[in-house]
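Open the model in your viewer and keep the selection box at hand. We will go from one stop to the next, picking out a few elements each time.

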Amino acid sequence: MAYVALYRKFRPDTFEEVKGQEHIVTTLKNQIKHDRIGHAYLFCGTRGTGKTSVAKLLAKAVNCEHPVDGSPCGTCDSCRKIASGAAMNVLEIDAASNNGVDNIRQINEGVQYAPTDGKYMVYIIDEVHMLSSGAFNAMLKTLEEPPSYVIFILATTESHKVPVTIRSRCQRYDFRRIEYQTISDRMQDLLERENVPATKEALDYIARAADGSMRDALSILDECVSYHLGEELTLDRVLSTIGAVDTEIYEQLTRKIAEDDPVAVMELIHDVIWKGMDLTRFTDDYLWFLRNLLFLVLSPGLGSQLDLTTDKIKEMEELGKLFSKETLQRHLNVMQELAQEIRGSSTKRVTLEMGMIRLMRPETGVDLESVLGRLERLEKRAEQAEAEVVRLTEMTEKLKSLPPSVNVQPAAGNAEQASEQAEADALSAEEKRAKIKLLLPEEKVEAVMELSKQWNSKILHSLSMEEMKYAKNYRLVVDETPLADFWLDFGQNTTLRKIFDSDGHLNRLSEEVEELTGQKFKFRLGSDTDSKNDGTKLFLDELNMVFDNIEVC
């Protein structure tokens, strides 16, 4: 037997299997149970929402010999014939290809004859808005007063194109877009029947990509299952099959736009292209992403109506704090224009890149929104500069308030070292400098002194305020014996030492000292407790932003 697509194979057989249209199903079932069947119905709604399926179910139900709670039984001769397409009393007509007056005249002539099978003659006219004006006019009289055994079911995706004279003669039912969770649950049920494993993330993504259409979702699912036949259907496999990207890339793109990083933005677009993503679809999806972001910024309570998970809502709320409402509105307008431009562009990549530049550089535009965008960028830069001044001021005050560094004491029980330390403490600054001169030439001492200033400045600027409070015992020291030890003291704080070491400071420090002194030193990280305490040390007495008060002890 030839393969049957999932949306055809699992077309609803009863009203209970129709998903997402409970308001319509309940009304039709009540009409059938209480024998209040209308003579003309107009089913309106977007593609894949169940219009044709419900029309066929209604045709089966009104002709069913043994209906069950308003639904067709599916076992009687009438139900089986209609399901197989062999019933003579149910005619399905495509108005897109049968839209002339002659086609409607054939219907008008056919309604004069009662059905040979079943109770009702049912005409299902799909895409009825495609009928010509003459065809609509020819249909008016028959549609208004058909024989008692005739039912018309008109289906359309564009109800506004149906003349008012036709709409007024029908009971109108509007089919809603189906919620993504309902579509996901339906696909999970069908895959269990097919014995195909799939992750919830994969099905949720397909459901969202279907945009409220059950048929679109099943078609995408069919494609993905066929591509990865015999394997579990995961989100990555779905993305690779339909040429899509995860929403995470939209978050990254938005963050880089907020950081004003055009290089990173172009790299992300390059990655998207090489992954095979259609740029038109990428633009449309990013437009929807910005729309959801704007709604969350305007009102966080709207998160439950955006088909987003709780975790995703929190992530997007944090992302929205990087933009003002006016900026997001401008971005949305730019993306709407870009979505139209890219459809007719022969160089889609260039068009997309220029659109991204317009997002980051409002000065490229001349309209009022662009001018406001420029002003906002200037205000943001001014705020950043002001914040930096405040940060530096706070850091300076913090450093001034730190207590003086505690001098390193020799290990207990070592009388000889204790004596040397006491003697060193009694020396004046000039005597201490003279003592070091005996060990190193003057230019090398000055080089080491200058190096200590530079590296203290580098290190302190790399520390946060939280880390700064642990650095009060920090010293740049040179062991007198042997001269090969030149190390940094972070006191008892091992975290700071790891941070310093992981950034590669030691290697760069080694290279600079060797260049300045002409001597290769051996470096290590230490603290007061693991100090060798065996000689005179050169260190910073206090931490401050100027580093002028350097003492030798």
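Select helices H12 (residues 248-258) and H15 (residues 310-320): in this predicted model, H12 passes H15 in a left-handed crossing. Their axes are 11 Å apart and meet at an angle of about 15°. Angles under 35 degrees count as roughly parallel, and H12 and H15 are therefore roughly parallel to each other. Now show side chains: H12 contributes Glu251, Thr254 and Arg255 to the contact, while H15 brings Lys312, Glu315 and Leu319. By class, that makes one nonpolar, one polar and four charged residues in the contact of H12 with H15.

Keep H12 on screen and add helix H14 (residues 279-298). At what angle do H12 and H14 pack? The angle is about 70°, with the axes 10 Å apart, which makes H12 roughly perpendicular to H14. The crossing of H12 and H14 is right-handed. On the H12 side, pick Ile249, Tyr250, Glu251, Leu253, Thr254 and Ile257; on the H14 side, pick Phe282, Asp285, Tyr286, Phe289, Leu290 and Leu293. Colour them by class and you should find nine nonpolar, one polar and two charged residues in the contact of H12 with H14. Glu251 and Thr254 of H12 take part here, and Glu251 and Thr254 also appear in the contact with H15.

Next, hide the helices and bring up the sheet. Its five strands run in the order E2-E3-E4-E1-E5, the pairing is parallel and the sheet is open. Look at the edges: strand E2 (90-94) and strand E5 (171-175) each have a single partner strand, so one side of each has no neighbour in the sheet. On average, neighbouring strands of this sheet are turned by 15° against each other, direction ignored.

Zoom in on E2 and strand E3 (residues 121-126), which run parallel and are joined by five bridges. For a landmark, select Ile93, which stands opposite Ile125 in E3.

Now bring back helix H6 (residues 133-144), which lies across strand E1 (40-45), E3 and strand E4 (150-156). Relative to E4, H6 runs at about 135°.

For the last stop, select Glu92 and Lys56. What joins their side chains? A salt bridge does, at 3.5 Å from N to O. Glu92 lies in strand E2 and Lys56 in helix H3 (residues 51-63), so the pair ties together parts that are 36 residues apart in sequence. If you would like to keep exploring, the model has 22 salt bridges by count.

Methods
Residues numbered from 1 in each chain as written. Predicted model: local features only at pLDDT ≥ 70, side-chain atom pairs only at ≥ 80, totals over all residues. Heavy atoms only, no water. Pairing = 2+ DSSP bridges. Helix = DSSP H or I, 4+ residues; strand = E, 2+ residues; numbered from the N terminus. Axes fitted to C-alpha atoms, helices over the stretch in contact; angles between N-to-C directions. Contact = heavy atoms within 4.5 Å. Parallel < 35°, antiparallel > 145°, perpendicular 65-115°, else oblique. Left-handed = near helix turned anticlockwise from the far one by under 90°. Nonpolar A, V, L, I, M, F, W, Y, C, P; charged D, E, K, R; others polar. Salt bridge = Lys/Arg side-chain N within 4 Å of Asp/Glu carboxyl O.
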